[in-house]
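Okay, thanks for coming, everyone. I'll put the structure up and then walk through a few local spots.

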Amino acid sequence: MSRIFEVTDKVRAHDSGADIDLINRAYVFAANAHANQKRSSGEPYLTHPLAVANILASLRLDDKSIVTGLLHDTVEDTAVTLQDIESRFGSEVALLVDGVTKIGQIRFVSSEHQQAENFRKMILATAKDLRVLLVKLADRLHNMRTLGFLPERKRGYISRETMELYAPLAHRLGIHWLTQELEDLSFSHLEPEAFCELSGRMADHIDGLNSVRERLEAIMQEAVNRQGSNARVQGRMKHMYSLFQKMQRKQLDFDDIYDLVAFRVIVEDTASCYQTLGIIHSLYRPVPGRFKDYIALPKPNGYQSLHTSIIGPDNYRLEVQIRTEAMHRYAEDGVAAHWLYKDGNLDASDQRNFQWLKQLTELLQDSDHPSEFLENVRLDLFVKEVYVFSRDGDLFALPRGALPLDFAYAVHTDIGNHCIGVRINGQPADFQTRLRNGDQIEMLVNAEQTPGRQWLQWVRTPRARQSIRQWFRREEKSASLRVGAEIVQEVFGRKKPGKETLAALECKNRDDLMIKIGRGEIPLERLLGEAKRRSPRRLHLKGTEQGFINAAKCCLALPGDAVLGRFEHGQGMTVHHQECAVAAGEENSAWMSIDWKPEKGKLYSTSLKLKTMNRRGMLAAISGAVAQLNASIDDLQIHQLAGDLTTLEMLIEVRDRVHLAKVMRGLRRVDGVIKVKRNFQLRRHEGAAQRIKRTLNNMMHGESADQDSQQDKE
């Protein structure tokens with residue numbers, strides 16, 4: 001159990017100007033507030049805030065943070081109010097206590113929507129003052145250390161929340177030891193059998209491992225000293241959860257892991273880091289591809305070190321980290337290692353290191369849907385970095401697996417939105433090329449280029465994904481407004497919808513009505529009812545928002561066809577061919593006739609049904625005719641008929657209805673083709689790529705459609 005004098009002694013050791021009297025007064029205040037409370041362990045409740053304050057003092061935080069640690073539960077768990085805190089300890093402490101209290105009320109094991117809303121609250125509280133999160137992490141650490149007194153179910157969800165949220169946040173703050181302890185404690189409760197087994201294996205080997213560690217530590221220390229380096233060598237055991245992850249990831253047994261011990265070499269200055277690296281590599285053979293320079297290229301959380309792997313004495317494979325004393329303190333304690341507060345703000349260096357928090361806050365403001373926000377948060381917390389350069393030599397840290405568009409949006413949203421190509425290391429590349437450490441990236445832009453839906457498949461970073469989605473939302477809002485205006489004009493004519501109509505449709509004003517209609521949030525039947533119109537097929541839309549229109553999968557209509565459309569919420573306008581059975585079967589629904597025009601450069605899928613003679617090479621002739629007419633086959637199904645006839649159902653891509661007519665005329669001229677017509681009742685097309693490849697191969701080599709059909713059945 002911690003004592004208040006231990007806390008104040010630690011604070012004096014790193015901050016001679018700290019207000020110790022303020023800390024002592026906070027201790028007395030907390031003792032009185034929690035006087036009659038007990039923890040689940042049976043201990044006085046005061047042991048918890050004291051332990052939290054002790055952890056914060058170990059992190060070398062300022063006196064206001066220590067006071068907050070002592071008071072953090074008073075507002076939530078006692079009769080104390082924020083006004084009481086402010087009057088006795090000042091507004092700064094009151095704001096910190098309020099932030100920690102709000103985070104303490106958040107539960108992340110809940111519905112998706114509630115999780116997102118809770119995380120929003122947490123990030124907003126943290127963004128105001130990062131000390132709020134540090135106090136909460138200290139609070140969570142002590143709770144995890146004493147978690148064994150709680151019921152199993154509660155231990156499970158608290159551990160899961162810690163593993164999925166608080167440990168990654170500690171990592172993002174650069175507090176290495178805190179991350180490891182939170183992970184190990186969570187691991188012990190989430191995977192108790194695996195933890196016990198691994199602990200037992202470690203215990204069986206601990207004497208031998210300590211002996212190896214001490215011997216190798218002495219050998220390496222002597223080696224660097226002999227070369228004139230004033231360095232300090234430390235050996236350490238890898239923590240339990242990282243070992244478990246490695247065993248799971250690489251499917252290894254405990255006995256197959258040879259790097260259970262890692263070493264740190266602490267030197268005087270940055271130049272000595274590189275000199276010591278040379279000494280170690282001259283003594284022991286380095287493992288190719290295992291060197292990382294995090295001094296020249298720091299991690300986004302500010303971490304700096306040289307990492308290398310060597311084949312050490314007795315052929316042990318060892319991981320060695322080389323850093324200065326300042327780098328070492330930062331590697332262990334992260335932002336807390338040099339906490340310099342000026343008017344409640346981080347210094348310039350820390351602001352650069354914690355740019356991720358600003359970006360996370362921006363994601364919070366830009367995300368409309370809970371699932372999007374949670375996806376972005378998880379991606380942003382669980383990242384390993386790749387470092388690339390712009391054409392001008394600026395360095396960018398991106399998640400491992402990042403693609404060129406991720407880089408483009410990291411530089412500037414406008415560069416991402418108008419990107420038409422990329423050069424990597426001076427060579428043209430496509431948008432699906434994975435970026436590697438050291439790549440030099442040049443993005444090619446054109447003001448007329450805009451994002452496409454497929455771009456969401458070509459990005460990995462939350463920022464890029466969110467920027468693309470935001471662009472579509474802006475475009476869809478604008479398009480919805482224009483489409484909605486046209487529909488309102490068509491439905492109401494010169495008579496504008498009045499206040500009663502707006503109220504009945506739950507709209508604030510006319511613009512709100514038009515946007516909701518354009519998005520499909522107000523069913524057309526309901527709109528016609530309010531307008532006292534009962535002739536749905538009389539509505540006509542010019543189709544000025546062509547990018548807003550999607551062909552229904554049941555009939556695959558084309559621009560230029562006679563089509564009927566209706567809004568599907570969140571999907572824009574879905575159109576059916578007038579001969580489609582689905583549209584015919586819902587003739588009482590509110591449909592609109594649409595003038596649908598093709599978009600320049602866009603291809604559309606539609607379906608054809610062909611009746612042909614079952615001749616050798618027939619499919620090769622058909623596919624050749626399609627290719628000559630600048631169309632392509634997306635899918636193909638073959639059905640053997642009685643006698644010597646075959647029916648082919650093809651999905652093809654064409655520019656528009658005129659292009660389709662040329663393709664159909666070309667197919668009718670193929671010898672052996674009896675009939676070609678549009679197909680408005682589509683069957684499911686599954687296994688398309690494999691079936692097309694096999695069928696084309698068979699038919700071009702003279703095998704019958706009957707044989708291919710039999711293969712499909714098998």
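**Cysteines, a helix and some strands**

Let's start with Cys554, which counts as partly exposed because its relative accessibility is 22%. Keep in mind as I go that this is a predicted model.

So which cysteine sulfur is closest to the one in Cys554? That would be the sulfur of Cys580, at 3.5 Å, and that's too far for a bond. The cut-off here is 2.5 Å between the two sulfur atoms.

Now look at Cys555. Buried or exposed? Cys555 is at 0% relative accessibility, so we call it buried. The closest cysteine sulfur to Cys555 is again in Cys580, 3.7 Å away, and that's also too far for a bond. As a reminder, a disulfide is a covalent bond between the sulfur atoms of two cysteines. And for the structure as a whole, the disulfide count is zero.

Okay, on to a helix. Please find α9, residues 131-145. From the first C-alpha to the last, the 15 residues of α9 cover 21 Å, close to the 21 Å you'd expect at 1.5 Å a residue. Why do I say α9 is largely enclosed by the rest of the structure? Because 13 of its 15 residues are buried.

Next, strands. Let's go to β9, residues 419-424. β9 pairs with β10, residues 427-429, through three bridges, and the two run antiparallel. What sits between β9 and β10? Two residues, which makes the pair a hairpin, and Asn425 in that turn has a positive phi of about 55°.

β9 also pairs with β11, residues 440-445, again antiparallel, this time over five bridges. If you want one residue to click on, try Ile424: it stands opposite Gln427 in β10, and Ile424 also stands opposite Ile441 in β11.

Last stop, further along the chain: β17, residues 604-613. Here 10 bridges connect β17 to β19, residues 645-654, with the strands antiparallel. Within that pairing, Leu608 faces Met650 of β19. β17 is also joined to β20, residues 673-678, by five bridges, and that pairing is antiparallel too. Over there, Lys611 has Lys675 of β20 as its bridge partner.

So, to recap the two strands I'd go back to: β9 pairs with β10 and with β11, while β17 pairs with β19 and with β20. And on the cysteines, remember that there are zero disulfides. That's it from me.

Conventions: Residues are numbered from 1 along each chain as its sequence is written. This is a predicted model: local features need pLDDT of at least 70, side-chain atom pairs count only at pLDDT 80 or more; totals for chains, interfaces and linings use all residues. Side-chain values use heavy atoms; hydrogens and water are left out. Two strands pair if DSSP finds at least two bridges between them. Helices (H or I, at least four residues) and strands (E, at least two) are DSSP runs, numbered from the N terminus. The expected span of a helix is 1.5 Å times one less than its number of residues. Buried means under 20% relative accessible area, exposed over 50%, partly exposed in between (1.4 Å probe, protein chains only).
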